[in-house]
Amino acid sequence: MMKLASNAIFKSRGSISGQLLGGAQDVFMGSARFSTVGQKASTGGLGQKASTGDRIFAPFMLYKGKAALSAAPVAPTFKKNDAGDQFLKRSGFILLSFSPSVGERKYDWERKQNFAMSPTEVGSLISLGPGGTCDFFHDPGMQTSTAGQVRKSLQVRANPDGNFYFITLSVVDNVKKINERFAVQVTPGEFSVIRTSFSFALPHIMGWDRYSNRPAPVKAEYSSGAGRKAFDTEWDR
């Protein structure tokens, strides 16, 4: 299904474009709100709400002739069990927001369209080679009675010479009678920023940063060698 050097086509489930976009209400002008204090909460990390004055707005913005594009990470959410252990409730994503141009350096932010990239989709974009293409399809109503009412397709295409990239979003909303297409040409330098920042954000939207950020457990001492061997990991041996 996935050919990193040529074409990669993914049909995403409704949980990516529908349920995940439910967490994208923390978006202002295409930027996700995220906070460091969220690390202390059960849903903390990148992309989470915080108290007023502690929010961070740091999207990567591209202003082009036909549209503006912003990208920002939105953190996963976690739930706790009675023992206080945290379990992933919903994966995070990178939110792409497209707004059409209405004049020179002017954009209609009210017509903004969002696309939430899952960790797998982010990995496909990062792995995109020269001349390669990634196509992603989202149906927010998939597996529900509203399936097919809203369809979104995102294409990331690399020029064979590596001189530029195209990121294109098409949106068909039969409910709101919307048929929009946004095309953004990206330079090699800009795509390098996208690739590097997405690579950095990937473990965070998966929630894996919590493994390294949590305090190290205190290792108990055991009087017998047999007891110690039972609790040591293979790296401690």
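The legends below describe close-up views of one predicted model.

The model is predicted, so local features need pLDDT of at least 70 and side-chain atom pairs count only at pLDDT 80 or more, while totals for chains, interfaces and linings use all residues. Residues are numbered from 1 along each chain as its sequence is written, and side-chain values use heavy atoms, with hydrogens and water left out.

**View 1. The largest nonpolar core.** This core holds 31 residues. A nonpolar core is a set of buried Ala, Val, Leu, Ile, Met, Phe, Trp, Tyr and Cys residues joined through side-chain atoms within 4.5 Å. Buried means under 20% relative accessible area, exposed over 50%, and partly exposed in between (1.4 Å probe, protein chains only). Leu96, Phe98, Met117, Leu154 and Phe198 touch the most other members. Helix α3 (residues 188–206) gives the largest share of this core, 6 residues. Helices (H or I, at least four residues) and strands (E, at least two) are DSSP runs, numbered from the N terminus.

**View 2. Surroundings of Leu96.** Contact here means heavy atoms within 4.5 Å. Residues up to four places away in sequence are not counted. Leu96 touches Leu69, Ser70 and Ala71. Its contacts also include Gln113, Asn114, Phe115 and Met117. Leu154 and Phe198 complete the list.

**View 3. Helix α2, mostly covered.** The helix spans residues 119–126, and 6 of its 8 residues are buried. Pro119, Glu121 and Val122 are among the buried residues. So are Ser124, Leu125 and Ile126.

**View 4. The stacked pair Tyr165 and Phe191.** The structure holds 6 aromatic pairs. The ring centres of Tyr165 and Phe191 are 3.9 Å apart and the planes lie at 10°, so the pair is stacked. Rings of Phe, Tyr and Trp (its six-membered ring) pair if their centres lie within 6.5 Å; planes under 30 degrees apart count as stacked, over 60 as edge-to-face and the rest as tilted. Tyr165 belongs to strand β14 (residues 165–173) and Phe191 to helix α3, so the pair ties together parts that are 26 residues apart in sequence. Tyr165 counts as buried at 11% relative accessibility. Phe191 counts as buried at 1%.

**View 5. Further aromatic groupings.** Trp208 and Tyr211 have ring centres 6.5 Å apart and planes at 85°, so this pair is edge-to-face. Both residues are exposed. Tyr63, Tyr107 and Trp109 form one aromatic cluster.

**View 6. Arg210 over the ring of Phe78.** The charged end of Arg210 sits over this ring, 4.1 Å from its centre. The criterion is NZ of Lys or CZ of Arg within 6 Å of the ring centre and within 35 degrees of the ring normal.

**View 7. The salt bridge between Glu190 and Lys64.** The structure holds 3 salt bridges. A salt bridge is a side-chain nitrogen of Lys or Arg within 4 Å of a carboxyl oxygen of Asp or Glu. In the bridge of Glu190 with Lys64, the closest N and O atoms are 2.9 Å apart. Glu190 lies in helix α3, and Lys64 in the loop between β5 (60–63) and β6 (67–74); these distant parts of the chain are 126 residues apart. Glu190 counts as buried at 19% relative accessibility.

**View 8. The salt-bridge network at Arg111.** The side chains of Asp108 and Arg111 meet in a salt bridge (4.0 Å, N to O). Asp108 counts as partly exposed at 21% relative accessibility. Arg111 counts as partly exposed at 36%. Arg111 also bridges to Glu180, the closest N and O atoms being 3.1 Å apart. Arg111 lies in the loop between β10 (106–107) and β11 (113–117) and Glu180 in strand β15 (residues 178–186), so the pair ties together parts that are 69 residues apart in sequence. Glu180 counts as buried at 15% relative accessibility. Shared partners join Asp108, Arg111 and Glu180 into one network.

**View 9. The hairpin of β5 and β6.** These strands pair in the antiparallel sense over 4 bridges. Two strands pair if DSSP finds at least two bridges between them. The bridge partner of Phe60 is Ala71 in β6. The hairpin joins β5 to β6 through 3 residues.

**View 10. Positive phi at Arg105 and Gln143.** Arg105 has phi near 60°, a positive value in a residue other than glycine. Arg105 lies in the loop between β9 (93–103) and β10. Its relative accessible area is 60%, so Arg105 is exposed. Gln143 has phi near 65°, a positive value in a residue other than glycine. Gln143 is in the loop between β12 (133–138) and β13 (150–158). Its relative accessible area is 73%, so Gln143 is exposed.
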